[in-house]
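This report looks at the empty spaces in one protein model and at the elements that surround them. Please keep the sequence and the structure in view while reading.

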Amino acid sequence: MEGVFFNVNNGFLEGILRGYKSGLLTPSHYASLTQCETLEDFKTQLSATDYGNFLANEPSPLSTATITDKATQTLVDQFNFLRRNSVEPLSKFLDYITYGYMIDNIILLITGTLHERDTHELLERCHPLGIFDTMPALCVATNVEELYQSVLIETPLAPYFRDCLSAADLDDMNIEIIRNIVYKAYLEDFYNYVSAIGSTTAEVMHSILAFEADRRTINITINSFDTELTKEQRAKLFPAIGRLFPAGNNALAKADDIDQVRQACENVGEYRSFFDNNSAAQINGDLGDFGVAAQLEDRFFRMEVHLNKLAFLQQFQYGVFYSYVKLKEQEIRNITWIAECIAQDARDRMHDFIPIF
């Protein structure tokens, strides 16, 4: 019965989305791409996939940045088609997906304003999924106070800023702390929204958002080592959701090194494997905190891909729309990595991408 009502409003779009998903690059596509000698060959191989002739009008010599921008635009066009044809509550769900990108864009504009840069130039660097109709109005602001007031009026993110930060905070706080405070509010709000939707959507999205919250908690902890951020301030940046919450979060708030981070994560079986080989390598002096963080980031991406693939095993739920965007983003990162290796003739590292299938 649930499927009957779901398909009335969303069946067409879910069918379109699963069609998009079937167009993701396969192992044979990646095998062909990694054998390319030049970016022109790379362009030819990509034209045989669902990307088609998306680079046909680009002049030579082709750059990696152009490939990334055009591939991202492909995702944006697909997302916008889904968004234009959606109705509540799917349309609101798709809005929530864009809020993460909006946060990054607004933080970029805040950074530009603090450093007295031309914010109109920064608009070109904003992620297209995080662009909203009133965004140009933010560029009128000449100082942080004006920008803060504009954000409260002109953007969907107003509740996150209003409840968590003041204009003075934007001037005094480290920009990454501001980003984490706002993102924490966004994740918790998104989690509550999918909980209100309930059913299979809540089940699928809870696991994905819980992992995203835990990943941010672990990254914040590691990145705060040897900085001026106090343990009390660190704890306030942790999202109040996730499989590590609350006991793991409390332990991470007190952690002083990577080994204590590993101990805090041991109670979650899937996270235990993230730290395999890291402790031994650090003891032997092979890795510093930065090296461990880099290895963790790679494993986080692999886990993210795994969870988003699992979402497609369930039907009659909105989680697949979120998961497709994340899988497509990973594919674009893979394409960028391979293209960069070709451009720099670093063929020995060409296979260091994260396959989706």
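What volume does the second largest pocket have? In this predicted model, the volume of the second largest pocket is about 330 Å³.

## The second largest pocket

The lining of the second largest pocket is made up of 14 residues, and those closest to its centre are Thr68, Asp69, Thr72, His127 and Pro128. Two helices, helix 4 (64–84) and helix 19, each contribute at least two residues to this lining, and helix 4 provides the largest share, with five residues.

Sorted by class, the lining of the second largest pocket holds four nonpolar, five polar and five charged residues.

## The largest pocket

The largest pocket encloses about 1,000 Å³ of space. Its lining counts 34 residues, of which Asp104, Glu176, Arg179, Asn180 and Arg216 are the closest to the centre of the pocket. Helix 5 (90–114), helix 11 (175–197), helix 12, helix 18 and helix 19 are the elements that each give two or more residues to this lining.

In terms of residue class, the lining of the largest pocket consists of 13 charged, eleven nonpolar and ten polar residues.

## The enclosed cavity

When the threshold is set at 30 Å³ or more, the model contains one cavity, and the space in this largest cavity comes to about 40 Å³. The residues that line the largest cavity are Ile208, Phe211, Glu212, Glu304, Leu307, Asn308 and Tyr322. Helix 12 (199–223) and helix 18 (289–311) are the elements that supply two or more residues to this lining.

Which classes of residue make up the lining of the largest cavity? Four of the lining residues are nonpolar, one is polar and two are charged.

## Helix 19

Helix 19 covers residues 319–343, a run of 25 residues, and helix 19 belongs to the elements that give two or more residues to the lining of the largest pocket, while also supplying at least two residues to the lining of the second largest pocket. From its first C-alpha to its last, helix 19 reaches 36 Å, which is close to the 36 Å expected at 1.5 Å a residue.

Is helix 19 mostly covered or mostly exposed? Helix 19 is mostly covered, with 20 of its 25 residues buried. After helix 19 comes Asp345, a residue whose phi is positive, near 55 degrees.

Notes
Residues are numbered from 1 along each chain as its sequence is written. This is a predicted model: local features need pLDDT of at least 70, side-chain atom pairs count only at pLDDT 80 or more; totals for chains, interfaces and linings use all residues. Side-chain values use heavy atoms; hydrogens and water are left out. On a 1 Å grid over the protein atoms alone, a cavity is a set of points where a 1.4 Å probe fits but cannot get out, and a pocket is an open set with protein on both sides within 12 Å along at least five of seven lines; lining residues have an atom within 4 Å of a point. Grid points are joined across faces, edges and corners, and a volume is the space filled by probe spheres set on the points. Helices (H or I, at least four residues) and strands (E, at least two) are DSSP runs, numbered from the N terminus. Ala, Val, Leu, Ile, Met, Phe, Trp, Tyr, Cys and Pro count as nonpolar, Asp, Glu, Lys and Arg as charged, and the others, Gly among them, as polar. The expected span of a helix is 1.5 Å times one less than its number of residues. Buried means under 20% relative accessible area, exposed over 50%, partly exposed in between (1.4 Å probe, protein chains only).
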